[in-house]
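Reader: Could you walk me through one part of this protein up close? I'd like to hear about the second largest pocket and what lines it.

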Amino acid sequence: MMLDDSLEEYVSQANDTICLKLVKDVKDIENDDVSFHPDFTHQLYGEQESIFGYRKLKIQLYYSAGTLTTYLNKTFTDKINPHKIEGIQPDDVLKPIVEHIPPGYHDNLDTFRAEVGKDGSQFKPFGILIHCYDNEIEGVQSVMEIYKCDMSNPGFREYHERLQTFVLWFIDGASYIDVDDDKWNYFLIFEKYMSTSGTAQYCIVGYMTVYDYYAYPDKIRPRISQMIILPPYQRCGHGVQLLETVYNSYINQLNVLDITVEDPSDDFQALRNFVDCRRCLKLDRFTRESLRGPFTTHMFSQAQDRLKINKKQAREVYEILRLHVTDMSDSVASNAYKHDIKKRLSAPFQKRARELVKLRQYLTDEEYTTAQVNNDQSVIDQRLDEQYQSLFTRYRRTIERLATAQLE
C-alpha cells in the first residue's frame, strides 16, 4: 500500500514497537530500562515488519520472570480514521500475537501486578538440575542453574507453551515443535537471585531444545534444534555454559553417535566453533604438530568418540585450529593452507561438472551452453575466492575469541 506523507506517521516498525520485559519485581512494569525488542517480526507482521494505523504505537508484551505469566496490551496517541482515507482500516495489531500465545494472558495491569507479586513463591524450575555456576552482572552476584526437562515433568507442558513464544521473536523462520513427541529434550537456564524480600527467586535466561534422532543400527544422533539466550543476558557467557552443559549431558552416553545442529545461524555456528575448538585443543590428536598436517580419520574418530563431534564439524574445527598455528606471513605455509581449504570447497563444483557430463545427452545445445556458464573455471575461481575469504574472516573471529578467553 502506497501512503502519502500525511499518513507516514501512522506507520510503525514492529521490531521497535513491541516492548518485551522479564518482570522480576512490580517496579519493572514501569521501568523502560528493562525493556528489550524482538529481532524478527515478519512471521507475524509480514516481510516489511510494519504496522499501519496508529501514531506512537507501543505494544507491551510482558512476562513474569519465573512462571512467565503474560501481559499483552497496546498504547497509542492517535488512531487513523477510516472515513478519512477511503475506508482503509488500521491493522488489528494484537491479533497476530494472540494467535501465537496461549490463552489466559492478562490485559489488565492490576491483575498482572498481583500475579508478579506471587511469582517468587509460586515458581521453582522444572526437571533435574545438571549444572550451576556463579555470575556477576554490574556488580550484583547471582547463581545460574541449568535444568534438563521433558514433558513428563508436571506443569512443564503449560510452562513451555509460554516459553516457546520467544522463538518467534528471536529465531528467524522458527516454528513450534511437536511436544507430543517424547524424543525432545529441553535444557533451561535460570538466574537464581535474591528478591527485595530476601527470598530466592528465578528468572528465565534462555533454553535449548534437542531431538534424539535414531542412528543405525543401535545409536542415537541428538540434533540441536532451537537455542535462545534472551537479550538481557546476552554476551555474558551463558550461551557457552548452556552448550557445554548440553554436550556434557550426552558425552558419556554409549548409545550417542555424535551431535548435530539443525540449520545453525551464523551466531550459533560461531558459538559452536568456539566451544568445540576449546574442547578439541585438549585432545592429543589436535596438537600443534598434528594441526600443521592434513585432516585425518584419527582426528575425526577421536573428536567423535570423546566429544561427540560429527565429521563435518570436526573438519571445520581442524581448519580453524590449523589457521591458529599457521604463520600466514610464511608464503609456503599460507599457500598450503589456502590450497587445502579451496580443495575442500571445490568438491561441490567438481561434482556438478561430473553430473553435467552425464546429463549432456538429455540437454539441448542451448540448455547445455547455459549450464556450462556456471562451470566456467573463471567463475568457479571467483566463487572459491569469495568462499575462502568468508571462511577466513569467520575463523579469525573464533581465533580472536579463543585468545581472549585464554587471557581471562
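Author: Here's a look at that pocket, followed by a hairpin that helps line it. Keep in mind that this is a predicted model, with local features needing pLDDT of at least 70 and side-chain atom pairs counting only at pLDDT 80 or more, while totals for chains, interfaces and linings use all residues. Residues are numbered from 1 along each chain as its sequence is written, and side-chain values use heavy atoms, with hydrogens and water left out.

The second largest pocket holds about 820 Å³ of space. A pocket here is an open set of points on a 1 Å grid over the protein atoms alone, where a 1.4 Å probe fits, with protein on both sides within 12 Å along at least five of seven lines; lining residues have an atom within 4 Å of a point. Volume is the space filled by probe spheres set on the points, which are joined across faces, edges and corners.

So who's in the wall? There are 29 lining residues, and Lys24, Asp28, Glu191, Tyr193 and Tyr233 sit nearest the centre. The lining splits into 12 nonpolar, nine polar and eight charged residues, where Ala, Val, Leu, Ile, Met, Phe, Trp, Tyr, Cys and Pro count as nonpolar, Asp, Glu, Lys and Arg as charged, and the others, Gly among them, as polar.

At least two lining residues each come from α4 (109–122), β8 (128–137), β9 (140–149), β10 (184–194) and β11 (200–215); helices (H or I, at least four residues) and strands (E, at least two) are DSSP runs numbered from the N terminus.

Now for two of those strands: β8 and β9 run antiparallel, joined by nine bridges (strands pair if DSSP finds at least two bridges between them). Leucine 129, for instance, has tyrosine 147 in β9 as its bridge partner. The two strands make a hairpin with two residues between them, and glutamate 138 in the turn has a positive phi of about 50°.
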